[in-house]
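Work through the exercises below with the sequence and the 3D view at hand. Try each task before you read its solution.

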Amino acid sequence: MSGRDLAAVTARLESELAETTARLGALRGDYDGVVAASLDSNADDEHDPEGATIAYERSQLGALIEQTQRHVADVRAALARVAEGRYGTCERCGRPIPAERLEARPTARTCVGCA
């Protein structure tokens with residue numbers, strides 16, 4: 001990759017990291033809000049036919065938080081690969097990762113054949 005291409009990749013990854021980190025903060029805030037709302041309530045939401053239970057909402061938010069944390073880690077790892085000069089090289093076979101794959105998944109570590 002040329003220096004200009006790497007600069008564009010870095011900018012894209014840094015933007016994605018900022019957006020994902022902000023989303024993670026919002027999700028954590030939502031999670032904390034659900035937990036706080038349930039602390040002072042003795043409501044039996046397990047038998048509430050009106051909607052999702054507090055436990056379900058907590059579980060859903062927890063899963064989204066974990067997924068978002070993994071994505072933050074993936075983006076940081078991709079930025080490290082750019083800095084180390086390894087970005088765009090398959091971690092398994094050592095061949096270049098096709099540009100189309102990197103466009104679709106900028107955090108890709110492997111080529112299509114090794115994925």
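The expected span of a helix is 1.5 Å times one less than its number of residues. Helices (H or I, at least four residues) and strands (E, at least two) are DSSP runs, numbered from the N terminus. The model is predicted: local features need pLDDT of at least 70, side-chain atom pairs count only at pLDDT 80 or more, and totals for chains, interfaces and linings use all residues. Residues are numbered from 1 along each chain as its sequence is written, and side-chain values use heavy atoms, with hydrogens and water left out.

**Exercise 1. Helices**

Task: List the secondary structure of the chain, then check the span of α2.

Solution.
- Step 1. Count the elements. The chain has three helices and zero strands.
- Step 2. Read them in order. From the N terminus they run α-α-α.
- Step 3. Take α2. This helix has 31 residues. From first C-alpha to last, α2 reaches 45 Å, close to the expected 45 Å.
- Step 4. Look just past the end of α2. There G85 takes a positive phi of about 80 degrees.

**Exercise 2. Buried or exposed?**

Task: Find the share of buried residues in the chain, then the buried residues of α2.

Solution.
- Step 1. Set the cut-offs. Buried means under 20% relative accessible area, exposed over 50%, and partly exposed in between (1.4 Å probe, protein chains only).
- Step 2. Apply them to the chain. Of its 115 residues, 30% count as buried.
- Step 3. Turn to the surface. Accessible areas come from the Shrake-Rupley method with a 1.4 Å probe; for residues, only the protein chains shown count as cover. The chain exposes about 7500 Å², and carbon and sulfur atoms supply 51% of that area.
- Step 4. Go along α2. Its buried residues include L61, G62, I65, T68, V72 and V75. A77, A78, L79, R81 and V82 are buried in α2 too.
- Step 5. Check G62. Its relative accessible area is 19%, so G62 counts as buried. The C-alpha atoms of G62 and D30 are 10.0 Å apart, with their positions 32 residues apart along the chain.

**Exercise 3. The nonpolar core**

Task: Which residues touch the most other members of the largest nonpolar core?

Solution.
- Step 1. Define the core. A nonpolar core is a set of buried Ala, Val, Leu, Ile, Met, Phe, Trp, Tyr and Cys residues joined through side-chain atoms within 4.5 Å.
- Step 2. Name the residues. The largest core has 20 residues, and L13 and Y87 touch the most other members.
- Step 3. Find the sources. α1 (3-39) and α2 (54-84) each supply at least two residues of this core. The largest share, seven residues, comes from α2.
- Step 4. Trace L13. Contact means heavy atoms within 4.5 Å. Leaving aside neighbours within four places in sequence, L13 is in contact with V75, A78, L79, V82, Y87, P106 and T107.
- Step 5. Set this beside a general rule. In soluble globular proteins, nonpolar side chains tend to be buried together.

**Exercise 4. Two cysteines**

Task: Why do C111 and C114 not count as a disulfide?

Solution.
- Step 1. State the test. A disulfide is a pair of cysteine sulfur atoms within 2.5 Å.
- Step 2. Compare the distance. The sulfur of C111 is 3.7 Å from the closest cysteine sulfur, in C114, too far for a bond.
- Step 3. Check the whole structure. The search finds zero disulfides.
- Step 4. Check burial. C111 is buried at 9% relative accessibility, and C114 is buried at 16%.

**Exercise 5. Salt bridges**

Task: How many salt bridges does the whole structure hold, and which residues share partners in one network?

Solution.
- Step 1. State the test. A salt bridge is a side-chain nitrogen of Lys or Arg within 4 Å of a carboxyl oxygen of Asp or Glu.
- Step 2. Count. The search finds four salt bridges.
- Step 3. Take R12 and E103. Their closest N and O atoms are 3.6 Å apart. R12 lies in α1 and E103 in α3 (residues 99-104), so the pair ties together parts 91 residues apart in sequence.
- Step 4. Take E91 and R81. Their side chains meet in a salt bridge at 4.0 Å, N to O. E91 is in the loop between α2 and α3, and R81 is in α2, ten residues apart.
- Step 5. Take R109 and E91. Their N to O distance is 3.5 Å. R109 lies in the segment after α3, so this pair ties together parts 18 residues apart in sequence.
- Step 6. Join them. Salt bridges that share partners link R81, E91 and R109 into one network.
- Step 7. Compare exposure. R81 is buried at 2%, whereas E91 is partly exposed at 41% and R109 is partly exposed at 33%.
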